[in-house]
Amino acid sequence: MTQMTQRNHNGTKYLLRRVEALFEIGVFCVVYFYIWKFCYREHGFYPYYGNGKFILAGVYAMLLLAVMYNCEAFKFGYLKYADTLTAQWISLVIVNTITYFQLCLMANYMLNAVPVLILTIVEFILSATFVYLYTAFYHTLYVPKNMIMISGDPSKSVLSDKMKTRSDKYNISAVIPAENGLDAIIKGIEGYDAVVLDDVPARLRNDVMKYCYGKCIRTYAVPKISDIINRGAEEIALFDTPLLLIKGYGPTSLELFVKRLLDVILGVLALILFSPFMIIIAIAIKLEDKGPVFYKQKRVTLNHRNFDIIKFRSMIVNAEKKGEVIPAEDNDPRVTKVGKIIRPTRLDELPQIFNIIKGDMSIVGPRPERVEHYEKYEKDIPEWVFRTKMKGGLTGYAQVYGKYNTSAYDKLRMDLMYIENYSLMLDIKIVFMTLQVLFKKEKTEGFEKTK
């Protein structure tokens, strides 16, 4: 495929996704308009009988676009059907909840919520239809690429197995060991649509990437730690030689101040919202075995500082012997009856709201590790200390995009991608994505299985 053909191919794909997304939002807005017209119009909305109704629809469209974009709800074909549908449904629930309270505020009293519930159900059905059709259309137009993998150590590589789980997008037909050398690799690349570089030595990787770039061959590369650090670098254009400035201290003081301010505000709001559930859970834990309600555990956060993370106790008292770490497993007999309910739903994590308000944690950040795990990883992976450039979080980049069997090194890479590309919008996106994680078993298993 020529460079121009490849560019047009990609441009068409992105354009199609945008047209599909806008059409879907347009349909949702039409449904919302008719629900408002027949169910809410007479409830004090006289100013919106004229052109004002288009303002209502426009605000609804902008909310849909913002929330669905941050939930990655428009990645038809890129994500699996179920993942895209989950993202869309969560987005619709968020937007329709906000819209309901918006209408109540405009009417100056609490409106009947049934029409909004009907709106949500109708949109769920439409969403399932759109996502199915768009996903099928994507896979009809874009067949899996015939790929070759260059691996630093094929016997230890797991990337090929991971990519095989998405056979609808990737087809790795051959694997070449990096030790075969550049000439053999270049010869082996011929006839393939794309190349995957997995843990290839730096010099060889650079040579292969330059070759593929020159031939317009699509290349997928597993980033090294230095690559991720470079992504957050600042460009210096004072000379005729390009420079990249790597500051090495993550977000700015202003960004950290805003992040802390939002942690306190949202933490207090969350405490008020979830306090009834927390009281019920605390009573249930106490009634079951008369033991302590909370469980504390030493974790490592910003600048290597240790703190006590707080959780609802979901296991029997003294489930871990002193100095012994025994990870919980499925059907673990140490898990209490209450624990079997609050652990899968992540309700045992709610007391960490206190950690966030106190300042030990942030809502979003690298997940703070247990002290003993941190010490082990630090010995095995010297760069592990880079994670402590930011305060530990209730959720994070690795929790959203990782899985239960994600290696410590891969988690480090993901956490550094968050640190080096930090923005308030990224935090918002991760919060939205976390809502989806709670509905995916393979994802929730990625959280610590501790008391």
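Two strands pair if DSSP finds at least two bridges between them, and strands are DSSP runs (E, at least two residues) numbered from the N terminus, as are helices (H or I, at least four). The model is predicted, so local features need pLDDT of at least 70 and side-chain atom pairs pLDDT 80 or more, while totals for chains, interfaces and linings use all residues. Residues count from 1 along each chain as its sequence is written, and side-chain values use heavy atoms, without hydrogens or water.

**Exercise 1.** Work out the strand order of the open sheet and find the residue opposite Leu 197.

*Solution.* Start with the order: the 4 strands run β2-β1-β3-β4, with parallel pairing. Next, look at the edges: β2 (170-177) and β4 (218-221) each have a single partner strand, so one side of each lacks a neighbour in the sheet. Now take β3 (residues 194-198), which 4 bridges join to β4. Finally, Leu 197 stands opposite Ala 221 in β4.

**Exercise 2.** Describe how α3 and α4 pack.

*Solution.* First, the angle between them is about 155° and their axes lie 10 Å apart; axes are lines fitted to C-alpha atoms over the stretch in contact, with angles from 0 to 180 degrees between N-to-C directions. That makes α3 roughly antiparallel to α4, a label for angles over 145 degrees (under 35 is roughly parallel, 65 to 115 roughly perpendicular, the rest oblique). Then check the contact (heavy atoms within 4.5 Å): among the residues making it are Trp 89 and Tyr 100 of α3 and Phe 124 and Tyr 132 of α4.
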